[in-house]
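Let's take a friendly walk through a protein model, one part at a time. Have a look at the picture below before reading on.

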Amino acid sequence: MQLWENYHTPSTVTEALALLASYNGAGRVIAGGTDLLIDLQFAAEHQQPQQALIDITHIPEMTNIVITDGVCNIGAAVTHTAIVQSEAIEHGATCLVESCGVVGGPQVRNVGTLGGNVAHALPAGDGTTSLVALDAEAEVAWADGSREWLPILDLFKGPGVSAIDSTKDVLVGFRFALCKTHEGSAFKRIMRPQGVALPILGCAVWVRLDEQHAHYDDVRICLAPVAPTPVRATEVEAVLRSQPLHNDTLTKAVTIARETLHPRTSKYRATADYRLEMIETLLRQAIPMAVERARTGIAEAEGVGLG
Ligand SMILES: Cc1cc2nc3c(=O)[nH]c(=O)nc-3n(C[C@H](O)[C@H](O)[C@H](O)COP(=O)(O)OP(=O)(O)OC[C@H]3O[C@@H](n4cnc5c(N)ncnc54)[C@H](O)[C@@H]3O)c2cc1C
């Protein structure tokens with residue numbers, strides 16, 4: 001079964017955009033192919049092989065992790081495995097290592113990319129969930145050759161629908177501030193034990209504590225999927241901000257989460273009731289874990305490689 005007709009490996013973003021333009025909508029960006037090959041197989045079964053694939057994994061600026069002045073730049077074609085292996089990201093963005101470290105199995109992580117996770121635009125991509133909690137920005141090279149940095153959430157338009165048209169545009173990379181003193185992050189996920197099942201729920205948390213480590217100074221939380229696109233749990237964040245690090249505060253946050261977040265029943269994931277229970281479980285695990293990392297400055301990723 002032929003899945004595509006032409007395969008290109010451009011070495012610059014400009015070249016990739018020109019190739020996409022030359023196919024006028026009949027070409028498509030491919031990175032690790034872990035999501036796309038499934039779609040191509042389905043299309044080929046209906047006698048529609050893709051006319052051209054533009055492989056962006058040979059573009060140097062898209063395959064690097066660069067850290068400058070506490071800001072981490074990750075190319076969209078960086079694999080989950082490369083992120084997991086980065087000590088700087090483990091220390092400064094522990095949640096991202098924890099989320100990339102549970103994507104699929106080793107084979108998927110070795111080729112699957114952070115950019116593919118975001119461009120696929122599912123509401124519960126694990127890498128995406130942590131990028132949202134890290135308040136990341138994404139750089140897009142649009143079909144007209146212009147480049148733009150956008151808040152990560154602006155890319156998500158619906159389940160599987162991205163602002164990026166992968167037949168025309170290229171997602172170049174991401175940037176976010178690494179955790180400084182008094183800051184920490186954590187990611188936790190509930191998943192059926194089988195490797196290929198969809199996550200039931202994921203939760204990424206970033207916190208900044210006050211200098212005395214007595215209060216939450218600032219908090220960002222992303223729980224997914226609880227809506228058609230990834231969302232910040234802003235009401236939960238508001239309940240924590242400026243409040244003491246007591247169990248009572250956590251209980252108030254969980255109560256607000258139950259009132260304001262509305263996961264659906266999904267035959268592929270779990271019932272709404274079960275997932276609401278799991279929101280509490282995940283918040284009670286991830287928030288204290290992020291707080292502990294912020295308090296001690298020790299951030300060792302947990303659960304990586306468990307699939
Ligand atoms: C067995 C299995 C298990 C999986 N488990 C998980 C899991 O646990 N958690 C999870 O989040 N995901 C999981 N996935 C989904 C997938 O592996 C990830 O989303 C992965 O990050 C996708 O990256 P990729 O490089 O393979 O994307 P590709 O398949 O190459 O591309 C995906 C889509 O994004 C577009 N695209 C890719 N890169 C760019 C770019 N730079 N610019 C513009 N468009 C682009 C492509 O055109 C395509 O539409 C799993 C997949 C499989 C097959």
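## A strand and its partners

A good place to begin is a single pair of residues: A138 has L150 of β7 as its bridge partner. This pair belongs to a longer match, since β6 and strand β7 (residues 147-151) run antiparallel and are joined over five bridges. Keep in mind that this is a predicted model.

Between the two strands of this hairpin lie five residues, and G145 takes a positive phi near 95 degrees there.

Strand β6 has another partner too. With β10 it also pairs in the antiparallel sense, over five bridges. In that pairing, V140 stands opposite L171 of β10.

Is strand β6 mostly covered or mostly open? Mostly covered: four of the five residues in β6 (residues 137-141) are buried.

## Around the ligand

Now follow β10 to another part of the model. Together with β2 (27-30) and α7 (114-119), β10 (170-177) is one of the elements that each supply at least two residues to the shell around the ligand. Which element gives the most to this shell? That is α7, with four residues.

The ligand has 29 residues around it, and those that come nearest are A31, G32, G104, G116 and N117. Domain 1 (4-55) and domain 2 (61-177) each contribute at least three residues to the shell.

## Three domains, and where two of them touch

Stepping back, the domain assignment divides the protein into domain 1 (4-55), domain 2 (61-177) and domain 3 (183-296). The C-alpha centres of domain 2 and domain 3 are 21 Å apart. How many residues of domain 2 are in contact with domain 3? There are 22, and they meet 22 residues of domain 3.

On the domain 2 side of this meeting place, α5 (94-100), α8 (126-133) and β8 (156-158) are the elements that give two or more residues. The largest share comes from α8, with six residues.

## Two sets of residues by class

The table sorts the ligand shell and the touching side of domain 2 by residue class.

| Set of residues | Nonpolar | Polar | Charged |
|---|---|---|---|
| Shell around the ligand | 14 residues | 12 residues | three residues |
| Side of domain 2 that touches domain 3 | 11 residues | eight residues | three residues |

To find your way back through the model, start at β6 between its pairings with β7 and β10, move along to the ligand shell that β10 helps to form, and finish where domain 2 is in contact with domain 3.

How values were computed
Residues numbered from 1 in each chain as written. Predicted model: local features only at pLDDT ≥ 70, side-chain atom pairs only at ≥ 80, totals over all residues. Near = placed C-beta within 6 Å. Nonpolar A, V, L, I, M, F, W, Y, C, P; charged D, E, K, R; others polar. Domains from an automatic or database assignment. Contact = placed C-beta atoms within 7 Å. Buried ≥ 20, exposed ≤ 12 C-beta atoms within 10 Å, placed from the backbone. Pairing = 2+ DSSP bridges.
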